[in-house]
Amino acid sequence: MRRRRQNLAIIGLGAGGPIVGRQSMNAEIALTPTGGAPTARPLLVAAAGLFMTAVPVAAEPPATVAVIAFDYVDTSGEARDQTKEHADRLAAFRTRLRDRLVEGPDFRPVELSCLDRSGCSAETTPPAELLKEARSAGADFLVFGGIHKMSTLVGWGRVDVLDVAADKLVSDRIISFRGDTDEAFDRAAEFAAKDILTTLGGSRAADASERRKP
């Protein structure tokens, strides 16, 4: 025989098996009773202790990162004075690198006060002073390095990342790029930022895992 009945959905698990509840009134299904007419069973809508409450996990707070000025060396031997152009490109490189690092939710920027007083780079400021400045600014990571122009077409750079609390490098990369143009510096900054994000993402995951150990 066929009869209209409610469409039932499993809404929990009890000691005697699945607990079902009302979902809709539109389904028509075939009933094939095995012992005569089907008997009605009470529907349990809710029971204490049958559902587990999800406990939200606190999100990891964003780490702080400071990107200081990069040093520049030009051994290309070109006659034209390009000091101003190189200074502008270095500043744009630092800004692009910093902005790219903090685009996502994992990192937020902090600035060292020495940037307002001096060049504030690895070559112009003693390491102990940079470390003190980074800690005073609340930086978790300090990014620094330099760029070397070897010829008109070829340049390379070094980008280091220091774990400020541990006072140790977590990344030291050599990058190369072609051309002494704004576009070349921008591409190099983009590449360096992606590499740092990958490295620091793995480093933070490892630290979080270590903290969770009993």
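Phe107 is a good place to start: with a relative accessible area of 6%, this residue is buried. Keep in mind as you read that the model is predicted.

**Ring pairs**

Phe107 has a partner in Phe141, which counts as buried because its relative accessibility is 5%. The ring centres of Phe107 and Phe141 lie 6.4 Å apart with the planes at 70°, so the two form an edge-to-face pair. This pair links distant parts of the chain, since Phe107 sits in strand 7 (residues 107-109) and Phe141 in strand 8, 34 residues apart.

How many aromatic pairs does the structure hold? There are four. Another edge-to-face pair is made by Phe70 and Phe93, whose ring centres are 5.1 Å apart and whose planes meet at 75°. Phe70 belongs to the loop between strand 5 and strand 6 (71-74), while Phe93 belongs to helix 1, so their pairing ties together parts 23 residues apart in sequence. Ring pairs also link Tyr72, Phe177 and Phe185 into a cluster.

Here are the four partners of the two edge-to-face pairs described above, with their accessibility.

| Residue | Relative accessibility | Class |
|---|---|---|
| Phe70 | 6% | buried |
| Phe93 | 1% | buried |
| Phe107 | 6% | buried |
| Phe141 | 5% | buried |

**The nonpolar cores**

In soluble globular proteins, nonpolar side chains tend to be buried together. With that in mind, look inside this model. Its largest nonpolar core has 25 residues, and those with the most contacts inside it are Phe70, Phe93, Leu97, Leu101, Val143 and Ile196. Which parts of the chain each supply at least two residues of this core? They are strand 5 (63-67), helix 1 (83-101), strand 8 (141-149), strand 9 (154-163), strand 10 (168-178) and helix 4 (182-212). Helix 4 gives the most to this core, with eight residues.

Try picking out Ile196 in the structure. Leaving aside residues up to four places away in sequence, Ile196 touches Leu97, Leu101, Val143, Val159 and Val161. A second core, separate from the one just described, has 14 residues, including Leu112, Cys120, Leu130 and Ala134.

**On the surface**

Nonpolar residues can be found on the outside of this model too. Met150, Leu153, Val154, Trp156 and Ile174 make a nonpolar surface patch of about 460 Å². Within this group, Met150 is placed in the loop between strand 8 and strand 9. Is Met150 buried, exposed or partly exposed? Its relative accessibility is 43%, so Met150 counts as partly exposed, a class that lies between under 20% for buried and over 50% for exposed.

Conventions:
Residues numbered from 1 in each chain as written. Predicted model: local features only at pLDDT ≥ 70, side-chain atom pairs only at ≥ 80, totals over all residues. Heavy atoms only, no water. Core = buried A, V, L, I, M, F, W, Y, C linked by side-chain atoms within 4.5 Å. Buried < 20%, exposed > 50% of the residue type's maximum accessible area, 1.4 Å probe, protein only. Helix = DSSP H or I, 4+ residues; strand = E, 2+ residues; numbered from the N terminus. Contact = heavy atoms within 4.5 Å. Patch = residues over 30% accessible without salt bridge, like charges linked within 9 Å, V, L, I, M, F, W, Y side chains within 5 Å. Areas by Shrake-Rupley, 256 points an atom, 1.4 Å probe, with all protein chains shown as cover. Salt bridge = Lys/Arg side-chain N within 4 Å of Asp/Glu carboxyl O. Phe/Tyr/Trp six-rings, centres within 6.5 Å; stacked < 30°, edge-to-face > 60°.
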